[in-house]
Structure formats: structure tokens, C-alpha cells
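Colleague: I am new to this structure and would be grateful for a close look at a single part of it. Could you please take me through the contact between the two protein chains?

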Protein chains: 2
Amino acid sequence: MTHEAKTVSEQTRERLLDAAREAFSQHGFQGATVREICRRAEANVAAVNYHFGNKDGLLAEALNFAPLKAMQLANAKADGNPEVRLRLFIRDFMLMLLDETNGSLPCRIMARELADPTPALDKIVREAIAPLHDFLGKLLREIAGGKTGEAELRRCMHSILGQCLYYRHSHPVLQRLHPKLRYDHKKIETIAEHIADFSLAGIGYISGKTCA
Amino acid sequence: MTHEAKTVSEQTRERLLDAAREAFSQHGFQGATVREICRRAEANVAAVNYHFGNKDGLLAEALNFAPLKAMQLANAKADGNPEVRLRLFIRDFMLMLLDETNGSLPCRIMARELADPTPALDKIVREAIAPLHDFLGKLLREIAGGKTGEAELRRCMHSILGQCLYYRHSHPVLQRLHPKLRYDHKKIETIAEHIADFSLAGIGYISGKTCA
DNA sequence: GAGCGTATCAAACGTTTGTTTGAATGTAAA
DNA sequence: TTTACATTCAAACAAACGTTTGATACGCTC
């Protein structure tokens, strides 16, 4: 009874979380309304406050950084070549940000809340972004070599993250500029490949500058 | 009387516009409230609707793309070396996005509204972003040479804009990761220089790939 | 100074928001 | 079946929002 079948209460909890992830990733925390979330979850308006205390609690529980951490773990165990691992990281990260079929909405919620501080931003920074920066920083250190300064390396990291996040943040604009635009799996990989090529060349130049 | 001294009505109009630019760039269009704007402009709540019809009208008039266009015009007339002109563009763009003393808030409002469609987004795209893309596209074409494909060139443009916008979009997060962080004129130029170095190396690699 | 159009004001409007309430319903043990 | 608790529900709550109103004060022309 504690193990197998989910109680009906746990089912509505999960329906609420799913609907919340959808709504938050689409309209942001402020833009998404409790009523709309409950409607999509086929639950009563009071359900959010009963199960999660309030809207903030719903956001906190809707965030799930497991896919992001799993991605980093798998990457660390992959082929030892750091440049290939950077390519893999960029590809996986872009898929999380753009691929509709991926289902990793928490990553897209995160991206949305970067610019617009939310009650949950401290938790997001602490549990997701800081570890991500650590991971990517170490990976770039392997590629750039020990001579490259800490500040230069961090700027390279920002250059990579900036390129990736751009496609998510500016999607409404790019959609208006190129109405026929749609990101399928193939197109995402092409973009990821470009970012990797572009960035590896950039890192090579930056790290070479200080070594020369 | 039509030329020199501003009527008291025009003064409150300008106070409202200034307060609106401040509020929209800080809290976004949704987050900023008409009441807060009027309070900071020392005007009555009804002033917005009297002078601009409604909140949307206030946003539309608060946007001013003149600085952005002037920057592009000055850039086009500058030193003919396209690589130097790209460096200049990145520097000026970053100053608009980050420098507090610059006063080009419309640029920061624009950056904020990229991800969150607003009643004015269509106007922003048509009058500011599309021309900006044209300008930057042509500049990159000069640098990359005629052999580089249109798609590759556009992706390079996205790489550059992504790097620049990252520092604006992720400012709340970077602030939390490095609490001592503050962008002064000197620091912004250092970042702009990095982005230019990083990107020119990237463009060199991308354009070389297709020419080889 | 009278008259007129413009601009400002306090106050209220109608909605929408997140949240709370108390009754009704469901679930599971005694 | 009865009892006790957990969950759902319709309804209402208080607060905040953009907007409207009608009266008041101002600036200008005649």
C-alpha cells in the first residue's frame, strides 16, 4: 500500500505538478495562474493550497533538477576526450532547452526565471546553476589548459551558456522573424554543433593568447 | 511657445516616460504597475490613461530606438576594417545593455521583453531587431567572406547576440553567484573585448570550414 | 474678469489575482 | 456499520490590478 498503487491524492498531486510545469515554462511564474493550472489538472482551485501550501510551494516542488544532474553525471563518465565531452554537453543541454519531446520542463522553467527573480531563484542557483557552473568550469579547464586565467575561463563559460540560452530566450522573436521556424531533433543538433565549433575555436584563441 | 519652454503637461508626460522606462526595465511590462510608475513620476494614477490611453500606449511611447540606430549609423561610418567595426559594435551594444550611466533604457526593456511577448513586441521586432539583424548580418558577411553559407552566418550572428544578451538576462543569477559583482565601464569593456576575441576566432573557424 | 478647453485630482469601478472557508464526499480502520 | 480522518468542492474572501469618473484647479484667449 505504501509501495505500489498511487492513492488518488497522489495522482492529483502529480497532475498538478505536470500542469504547473507546463504553465510555468510557457508563461513564467507570474504569468501562469493557479486557476489555469488547476483547470488543466482537472482539480479544484483550492487543491494547490491544500497540497503545496501556496503558489510558491507548487513552484518549488515542480522544479526537478534530476535530469540536469543525470546529464552531467553521464557526461563525466563518457569518453575521456574533453572536447568531445563539451560537444556532448552542448548537445544534451540544447535538447533540454529546445526539444519539445524531451519533457525536461524544469530546465526550461529555470531558463525563464533567470532574468526574472522568483521566490525559488535562490534554490535554483544553489542546487542547479552553481553545480552546472562547477561542472562546465572544470570541463573547460581541461580543454584550455592550466595557463589560462580563472577570469578568462569563466568568460568562456558565459560565452557558451549565452549562446545556448539565446535560442530559448529569444524564441518568440526568432519565431516572428522566421515564421516557418521549428526546432526538430535534427535542427537542434545542427545548432549544437555550430555552438561547439564556434566555442572550441574561441577557447582555442583565448587560451592560446595567454600561453603565447 | 511651440518651440522653447515645455508646457507643464509635457513635463508630466516626460516624467511618466522616464519613470516607465525605469520600471519596465527593472520589473518587465507585467511586473511594473501603473500605480508605481505614477508614484515615481509624482503624477496621478489617471495620468497614464489621460496621456497615453492605456498601459500599452505608455510602453509603446517609452520605447525609443534612436540610440540603437544612431549606434549602427556611427558604426557604418567608422573605420572601414570590418573586424574593428565588429569590436566597436559589441562594445557599444554591451554598454547599452549594462552601463547604468548610459541611460539607454529602451535597449534594456527590449532585452527583457525578448522572452516574454508583449503587446509591443511586434513593433520592437519590426523597428529595432530586424534592422539590427540586417546590420550585423552585413557586417559579418564582410568578415566571413562570400563563401560562407547564409545559415552558418546567421548562426554566427546568434552566437554573438547570445553572448551579449547573456550578461543582461542572467544578471540576477550572476549577482547571486558573485555578490561583489558590479559592472563599471572598465569591466564592461573587458567583457566586450572577450566576446569580440572569442567570436572572431569562432567566425574564422566557421568561415574557414566552408572555404577549405 | 469672464469664459473655455486642458490637465490634475481623489475616489470608485469592474476584474483578476492568490488564498481561505465550511460543507460535502471519499477512504480506510475499528 | 460506524467512526475518524483525508480529500474535494463551490463559494466567498481580501488585495491588487488597469481603468473610468466627475469634480476641481489651471492656463489661455477674448
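Modeller: The following account describes the contact between chain B and chain A, and then turns briefly to DNA strand C. Please bear in mind that this is a predicted model. Chain B and chain A each bring 45 residues to their contact, and about 4,100 Å² is buried between them. Carbon and sulfur atoms give 66% of that area. On the side of chain B, B:Tyr166, B:Arg176 and B:Phe198 supply 16% of the area buried against chain A, more than any other three residues.

Polar interactions also join the two chains: there are 12 residue pairs in polar contact, counted where both residues have pLDDT 80 or more, and 4 salt bridges. One salt bridge pairs the side chains of B:Arg112 and A:Asp116, at 3.6 Å from N to O.

Several helices of chain B give two or more residues to the side that touches chain A, namely α1 (8-31), α8 (121-144), α9 (150-169), α10 (171-177) and α11 (185-211). The largest share, 13 residues, comes from α9(B). By class, this side of chain B has 22 nonpolar, 14 polar and 9 charged residues.

Helix α1 of chain B also supplies at least two residues of the surface near DNA strand C, as do α3 (47-52) of chain B and α2 (34-40) of chain A. There, a polar side-chain atom of B:His51 lies 2.7 Å from a phosphate oxygen of the strand, while for A:Lys55 the corresponding distance to a phosphate oxygen is 2.8 Å.

Terms used:
Residues are numbered from 1 along each chain as its sequence is written. Chains are lettered from A and ligands numbered from 1 in the order in which they are written. This is a predicted model: local features need pLDDT of at least 70, side-chain atom pairs count only at pLDDT 80 or more; totals for chains, interfaces and linings use all residues. Side-chain values use heavy atoms; hydrogens and water are left out. Contact means heavy atoms within 4.5 Å. Buried area is the accessible area (1.4 Å probe) that two parts lose on being put together, summed over both. A polar contact is a pair of N or O atoms within 3.5 Å; within protein, one must be able to donate a hydrogen and the other to accept it, and residues adjacent in sequence count only if both atoms are side-chain atoms. Helices (H or I, at least four residues) and strands (E, at least two) are DSSP runs, numbered from the N terminus. Ala, Val, Leu, Ile, Met, Phe, Trp, Tyr, Cys and Pro count as nonpolar, Asp, Glu, Lys and Arg as charged, and the others, Gly among them, as polar.
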